[in-house]
Amino acid sequence: MPLNRRRFLENAALTTTAATLTTTATATTAHASGPHKKPERRHTLTVMGTTDLHGHLFNWDYYKDATYTDTAGNTLGLARISTLVNHIRKEKGRHNTLLIDAGDTIQGTPLTYYYAKVDPITAKGGPVHPMARAMNTIGYDAAALGNHEFNYGIDTLREFESQLDFPLLGANAVDATTLKPAFPPYLIKTFHVHGAPPVKVAVLGLTNPGIAIWDKANVQGRLAFPELKVTNDTTGKTVVLSEPLCFAERLTVFDIELTLHRGRWEVDTVSASLHNTNQAEDDPRITELLTDEHAAVVTYVNQVVGTATQTLTTVDARYKDAPIIDLITKVQEDVVKTALAGTEHARLPVLAQASPFSRTSEIPAGDVTVRALSSLYVYDNTLVAKLLTGAQIRAYLEYSAQYYVQTAPDAPVDIDALTNADDRPDYNYDYVSGLTYDIDIAQPAGSRIKNLAHDGNPLDDTAPFVLAVNNYRANGGGAFPHIATTKELWTESTEIRTRIAEWVTAKGVLDPQDFASTDWKLTRDGTPVF
């Protein structure tokens, strides 16, 4: 799940998945004013940076099986970043530049899933990860660990690390037993300046302490993340920040002007600019290098796994109980019921949680492909079964209902302004299946869940229930009450997305009659909103 990096940058002057650095260009001599003053020696360092690449090699949308486009005219992909980097290196001199990435590289698209799970890089004789091949070819100097680097487990991360020609930095990722660095904490790069002392640049990589929560199953007992807050109170100097946007849409460029003072280089000025990939074409080196890998993923996502009797969409799923979300909860219920069969908890009612991740996902009537199902469930979450009481479920739903903006009974309903109260993202609003309830948006947050029932009877606050929930939520993601601390009954490593594909494949036909139900609705003082 994504972090609001912009807000964190503003508050802490440092990205949570960060690379902190400096860089070099041409040395010049400037004559200082006044008599008997020696000429000043100056030098320019240029640092280029990307972040949150999330497996975007080319300007391609695997979910739509088409070239990526948006209303703003953006493009994306490392192939275009490579072209921008080549241009800047030609202008500044490659020996005067540094190229870094701030993490979240090997998760986020069908391409990254394919090389983690379908044709995994960890297999004996397995492939080199396409992101490693691209970044090596472009010539990155260093990258920081992102929290999403841990999504496929440490073995996949270590294999990816071994395939890189540059260090993967994580100063605050330590071995859980020895507390020694688990990854290189920093890189020192020396830039030689003719006729002057060399310039040494330190690149410090920090990762996100939230990994301990979001990827608990992958790192618990193996890695720890002490948290560090950095301020500039000592120097009082301004920290120049630049965010290049995700998915290789932009390239950040820092130009750092240095002056040699008493034999030491000092920073004179720092400026930052953004370079847009929509002003560049794909670097043919990257295209030629990775066309086959890209084609393999395209073939995979276009596999047909079933047939849909009607079109299913998430377009109104954030304010209406949508059958397409019911598909997710139905699959999760079935998987958990099967897993608990024969155990002491087998007779307990199983509820399931799901979120409307996307507002544009659609499964068209007719052939159902892997890419259609992938667009429905874009995250690599896995399934967990948790034991909760009725009272805890009630509190969970009340917290979820904070997603809605309080709207008076007689006020007009503006769909675009109805949700995301206090900037809560869509992925932190949950449906819960297996119950019926109303959400009264005329009421203040904390008092909105009405007519909560199970099997037609008012919910018993003392009754036990099993909640089928994704691992992000189960480990505390979104800060939902009780869920992270309640008893865990079962968990698995298979992605929920894969379970959905298996369920559809086994059924053959995707018919809402097999999974859709009307569990909840929005009301105002008891009157339905829609």
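# Sheets, helices and buried residues in a predicted model

Strand β15, which covers residues 304–308, is joined to β19 by 4 bridges, and the two strands run antiparallel. This pairing is taken from a predicted model, and it belongs to an open sheet of 3 strands with mixed pairing. A second open sheet is built from 5 strands, again with mixed pairing, and helices α9 and α11 pack on that sheet. The points below go through the two sheets, then the helices, and then a number of single residues.

**The sheet of three strands**

- The strands of this sheet follow the order β19-β15-β27, and the edge positions are taken by β19 (366–369) and β27 (509–510), each of which has a single partner strand, so one side of each is left without a neighbour in the sheet.
- Within the pairing of β15 and β19, threonine 307 has aspartate 367 in β19 as its bridge partner.
- As general background, the strands of a sheet pair through backbone hydrogen bonds, in either a parallel or an antiparallel way.

**The sheet of five strands and its helices**

- Here the order of the strands is β21-β17-β25-β20-β26, and the edge strands, β21 (431–433) and β26 (488–495), each pair on one side only.
- When direction is ignored, neighbouring strands of this sheet are turned against each other by 25° on average.
- Inside the sheet, β20 (residues 382–389) and β25 (residues 464–470) pair in the antiparallel sense over 7 bridges, and leucine 388 stands opposite phenylalanine 465 in β25.
- Helix α9, made of residues 323–340, packs on the sheet and touches β17 (350–354), β20, β21, β25 and β26, while its direction makes about 140° with that of β17.
- Helix α11, made of residues 390–400, also packs on the sheet, where it touches β17, β20, β21 and β25, and its direction makes about 120° with that of β20.

**Helix α4 and what covers it**

- In helix α4, which spans residues 130–138, the buried residues include Pro130, Met131, Ala132, Ala134, Met135 and Ile138.
- The cover over the buried residues of α4 includes the helices α2 (78–92), α3 (110–118), α5 (154–162) and α8 (284–301), together with strand β6 (97–101).
- Just after α4 comes glycine 139, which takes a positive phi of about 95°.

**Buried residues in loops and in a helix**

- Leucine 435 has its place in the loop between β21 and β22 (436–440), and it is buried because its relative accessible area is 1%, where buried means under 20%.
- Apart from neighbours within four places in sequence, leucine 435 is in contact with Leu351, Ile393, Leu397, Leu452, Ala453, His454, Leu459 and Asp519.
- The C-alpha atom of leucine 435 is separated by 42 Å from that of alanine 296, and these two residues are 139 residues apart along the chain.
- Glutamate 249 lies in the loop between β12 (223–224) and β13 (250–261), and with a relative accessible area of 8% this glutamate is buried as well.
- Not counting residues up to four places away in sequence, glutamate 249 touches Tyr68, Asn74, Thr75, Leu76, Pro244, His275, Asn276 and Thr277.
- Serine 374, found in helix α10 (residues 370–376), counts as buried at 6% relative accessibility, and its contacts, leaving aside neighbours within four places in sequence, are Tyr63 and Arg497.

**Positive phi in residues other than glycine**

- Aspartate 104 has a positive phi of about 70° although it is not a glycine; this aspartate lies in the loop between β6 and α3 and is buried, with a relative accessible area of 3%.
- Asparagine 420, another residue that is not a glycine, has a positive phi near 65°; it is found in the loop between α12 (415–418) and β21, and at 23% relative accessibility it counts as partly exposed.

**A nonpolar patch on the surface**

- Tyr186, Ile188 and Leu204 make a nonpolar surface patch of about 290 Å².
- Leucine 204, one of these residues, is found in strand β11 (residues 199–206), and its relative accessible area of 32% makes it partly exposed.

Key. Residues numbered from 1 in each chain as written. Predicted model: local features only at pLDDT ≥ 70, side-chain atom pairs only at ≥ 80, totals over all residues. Heavy atoms only, no water. Pairing = 2+ DSSP bridges. Axes fitted to C-alpha atoms, helices over the stretch in contact; angles between N-to-C directions. Contact = heavy atoms within 4.5 Å. Patch = residues over 30% accessible without salt bridge, like charges linked within 9 Å, V, L, I, M, F, W, Y side chains within 5 Å. Areas by Shrake-Rupley, 256 points an atom, 1.4 Å probe, with all protein chains shown as cover. Salt bridge = Lys/Arg side-chain N within 4 Å of Asp/Glu carboxyl O. Buried < 20%, exposed > 50% of the residue type's maximum accessible area, 1.4 Å probe, protein only.
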